Amino acid sequence: MRRKWDAKTKARIVLAGLMGECVNDLCRAHDLRPGQYYKWRGHFLENSYRVFEKPPMAPNDMELASENEELKKLVGELTLELTSGKPAR
């Protein structure tokens with residue numbers, strides 16, 4: 001029967017190995033084959049740069065940012081119109 005490991009547990013096990021704990025002892029303690037550990041470690045190291053990436057904006061956030069820019073333009077136009085006395089449009 002296959003076990004499902006959650007991402008936090010995998011990361012914790014891999015980090016323990018990277019920090020110097022004996023891989024064989026780690027695998028024995030978690031009933032894990034060393035080959036599986038090294039596969040997880042490879043995947044962890046290949047994707048570790050993603051921790052520092054900026055998360056993508058959600059579609060709702062993009063709509064809000066667009067609306068915010070439009071409103072800023074409108075406020076600027078109205079401010080110019082009020083200060084100069086002439087319609088900016």
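**Notebook: helix H1 and the nonpolar core**

I looked first at the start of H1 and found that Asp 6 caps its N-terminal end, with a side-chain oxygen 3.2 Å from the backbone nitrogen of Lys 8. Helices here are DSSP runs (H or I, at least four residues), numbered from the N terminus.

I note that the model is predicted: local features need pLDDT of at least 70, side-chain atom pairs count only at pLDDT 80 or more, and totals for chains, interfaces and linings use all residues. Residues are numbered from 1 along each chain as its sequence is written, and side-chain values use heavy atoms, without hydrogens or water.

I checked the length of H1: its twelve residues should span 16 Å at 1.5 Å a residue, and the end C-alpha atoms are 16 Å apart, in agreement. The expected span is 1.5 Å times one less than the number of residues.

I then listed the buried residues of H1 (under 20% relative accessible area, 1.4 Å probe, protein chains only): Thr 9, Ile 13, Val 14, Ala 16 and Gly 17. They cover an arc of only 155° around the axis, so they lie on the same side of H1; the arc is taken from the directions from the helix axis to the C-beta atoms. The face turned away from the buried side carries Ala 7 and Lys 8, both exposed (over 50%). H2 and H3 are included in what covers the buried residues of H1.

I followed Ile 13 next. Not counting residues up to four places away in sequence, Ile 13 touches Trp 5, Leu 26, His 30, Leu 32, Tyr 37 and Trp 40 (heavy atoms within 4.5 Å).

Just after H1, I found Gly 20 with a positive phi of about 110°.

Technical notes: Helix = DSSP H or I, 4+ residues; strand = E, 2+ residues; numbered from the N terminus. Polar contact = N/O pair within 3.5 Å; in protein donor to acceptor, adjacent residues only side chain to side chain.
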